[in-house]
Amino acid sequence: MPSTNLQNSIDFKGQKFYVGLDVHKNSWAVTIRSMGIEVGRFTQPPCAATLAAHLQKNYPGGRYFSAYEAGFCGTGIHEQLCKLGITNIIVHAADIPATDKQKKNKTDVHDSRSIADYLEKGKLTGIYVMTREQQELRSLFRLRESKVKDVTIVNNKLKSFLMFFSIELPDAILKKQHLSVKALQWLSNLEMASTAGAITLRQHIEELKYQRKQLYQITKLLREQIQATDPQTYRCLLSVPGIGGVTAMGLIAEIADFSRFDDPDQYSSFLGLYPWEDSSGDTIKTKGMQPRCNRHLRPLLVEASWMAIRKSPALFAYYSKHAVRNSKQAIVKVARRLAMIAKGVATTQQLYQADYLQNIRQKQQEQKQAQKNKRFSSGITQQHINKQPDNNILISLPG
């Protein structure tokens with residue numbers, strides 16, 4: 001049969017193709033849609049170049065859009081797809097609409113088909129993707145966070161060992177929940193009943209010292225990286241009452257760009273300081289703090305708020321106003337206001353002032369008044385236009 005070059009002459013210039021990806025370690029499920037029709041569905045090796053080659057070969061000249069769920073693979077696939085000319089977004093799994101039938105019949109093919117369908121309809125919103133450098137800085141902060149948990153675990157193991165053998169530390173040494181350096185020195189000189197007990201005690205002490213040393217080194221390196229990348233923001237955050245070095249480093253590492261939050265409610269929701277509401281008709285139910293949030297920053301801000309109300313009279317007055325009903329809810333309100341202050345100083349790159357809260361309220365009132373004046377003036381202008389005679393009406397002049 002004679003061959004033709006019909007396929008080589010096809011050009012999809014300007015036509016949009018939407019690709020839904022369900023990515024896994026060993027394979028990708030791919031669904032391609034265009035103009036409301038599913039034009040392709042297949043499984044391929046986990047390679048962005050293979051997908052790009054398939055699209056360019058079968059749909060040359062087209063505009064390619066893709067999406068996949070955020071997960072174990074991070075943003076590496078996203079960066080590869082964007083470099084190959086495919087406009088990609090990463091979607092939170094909970095943001096993908098799903099019917100009851102789709103939830104009960106969940107496969108890789110169905111997932112990729114749903115992503116492609118909703119991507120074409122414009123119902124998917126991508127998450128904020130940090131730069132590679134910012135992600136690595138965030139990973140260093142989270143490494144420190146995990147190391148804090150390791151120190152706590154080892155500290156509790158040693159205390160459990162002492163409690164099991166009824167070993168009590170002197171009151172002059174045991175002042176805090178965590179064993180101090182003096183407590184460890186006292187335990188190092190303690191004589192056990194056997195060699196095995198002495199070895200076990202020594203190993204617990206050495207492990208705790210090692211974990212604390214690791215935590216100190218990681219914290220020092222993290223502070224050096226923060227001061228090298230964004231020293232002014234770090235300095236401004238430290239000027240806010242209640243915010244210490246760890247909280248400031250956490251905010252910079254986890255948020256990266258404070259200006260990406262235009263809406264205060266969106267910013268509070270990201271931090272988990274926005275109420276979780278379930279309303280129907282006249283019934284309004286508040287279920288506490290939003291469960292979907294950045295779980296690394298909320299504890300830091302709440303802890304910083306307890307220090308802030310001791311240092312700032314304005315924040316203490318705000319806490320006292322709301323603590324009459326519920327002290328726990330009041331400290332969350334303080335944490336939200338503290339987060340707003342942190343965003344303000346980080347965005348403006350100015351140090352915190354004692355009358356900062358008053359200035360914020362004054363600016364908000366001025367903005368509201370400006371919006372009211374704008375709406376009023378626009379309404380008067382519209383009324384004036386409506387009262388004007390129609391230009392098409394002919395008016396006879398005297399003479």
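## Burial and the overall fold

A residue counts as buried when its relative accessible area is under 20%, as exposed when that area is over 50%, and as partly exposed in between. The structure discussed here is a predicted model, and its protein chain comes to 15 helices and seven strands. Of the 399 residues in the protein chain, 33% are buried.

Contacts across long stretches of sequence are well represented in this chain: when the contacts with a separation of 6 or more are considered, 58% of them are accounted for by residues 24 or more positions apart.

## The loop between β4 and α3

The loop that runs between strand β4 (63–69) and helix α3 (76–83) includes T75, and F72 lies in that loop as well. With a relative accessible area of 13%, T75 falls under the 20% limit and is therefore buried. F72, by contrast, has a relative accessibility of 62%, which is over 50%, so F72 counts as exposed.

The surroundings of T75, once residues up to four places away in sequence are set aside, consist of Y68, I90, V129 and Q135. With one of these, Q135, the side chain of T75 also forms a polar contact of 2.8 Å. F72, under the matching exclusion of residues up to four places away in sequence, touches V23, H24 and K25. The C-alpha atoms of F72 and V23 are 9.5 Å apart in space, although 49 residues separate F72 from V23 in sequence.

## C82 in helix α3

Helix α3 is the place of C82, a residue whose relative accessibility of 38% lies between the 20% and 50% limits, so that C82 counts as partly exposed. Computed along the chain in residues, C82 and S66 are 16 apart, while their C-alpha atoms are 9.6 Å apart in space.

## Helix α10 against helix α9

Helix α9, which spans residues 231–238, and helix α10, which spans residues 245–255, have axes that come within 9 Å of each other and cross at roughly 135°. Because oblique is the term for angles that are not under 35 degrees, not over 145 and not from 65 to 115, this crossing angle makes α9 oblique to α10. The crossing in which α9 passes α10 is right-handed.

On the α9 side the contact is made by T233, Y234, L237 and L238, and on the α10 side by G245, A248, M249, L251 and I252. Sorted by class, the residues in this contact of α9 with α10 are seven nonpolar and two polar, with no charged residues.

## Helix α10 against helix α6

Helix α10 also meets helix α6 (residues 132–164), and here the two axes come within 8 Å and cross at roughly 145°. The crossing of α6 and α10 is left-handed, whereas the passage of α9 by α10 is right-handed.

From α6 the contact takes in Q134, L137, R138, F141, R142 and R144, and from α10 it takes in V246, M249, G250, I252, A253 and E254. By class, this contact of α6 with α10 has six nonpolar, two polar and four charged residues, in contrast to the contact of α9 with α10, which has no charged residues. M249 and I252 of α10 take part in the contact with α9, and M249 and I252 appear again in the contact with α6.

## T219 beside these helices

Helix α8 (residues 195–229) holds T219, and with a relative accessible area of 12%, which is under 20%, T219 is buried. Leaving out residues up to four places away in sequence, T219 touches R144 and M249. R144 of α6 and M249 of α10 are also among the residues that make the contact between those two helices.

## Two residues with positive phi

A256, which is not a glycine, has a positive phi near 70°, and A256 is placed in the loop between α10 and α11 (264–271). The relative accessible area of A256 is 23%, a value between 20% and 50%, and A256 is therefore partly exposed.

Q349, likewise a residue other than glycine, has a positive phi of about 60°, and the place of Q349 is in the loop between α14 (327–348) and α15 (356–387). Since its relative accessibility of 31% lies between the limits for buried and exposed, Q349 counts as partly exposed.

Terms used:
Residues numbered from 1 in each chain as written. Predicted model: local features only at pLDDT ≥ 70, side-chain atom pairs only at ≥ 80, totals over all residues. Heavy atoms only, no water. Axes fitted to C-alpha atoms, helices over the stretch in contact; angles between N-to-C directions. Helix = DSSP H or I, 4+ residues; strand = E, 2+ residues; numbered from the N terminus. Left-handed = near helix turned anticlockwise from the far one by under 90°. Contact = heavy atoms within 4.5 Å. Nonpolar A, V, L, I, M, F, W, Y, C, P; charged D, E, K, R; others polar. Buried < 20%, exposed > 50% of the residue type's maximum accessible area, 1.4 Å probe, protein only. Polar contact = N/O pair within 3.5 Å; in protein donor to acceptor, adjacent residues only side chain to side chain.
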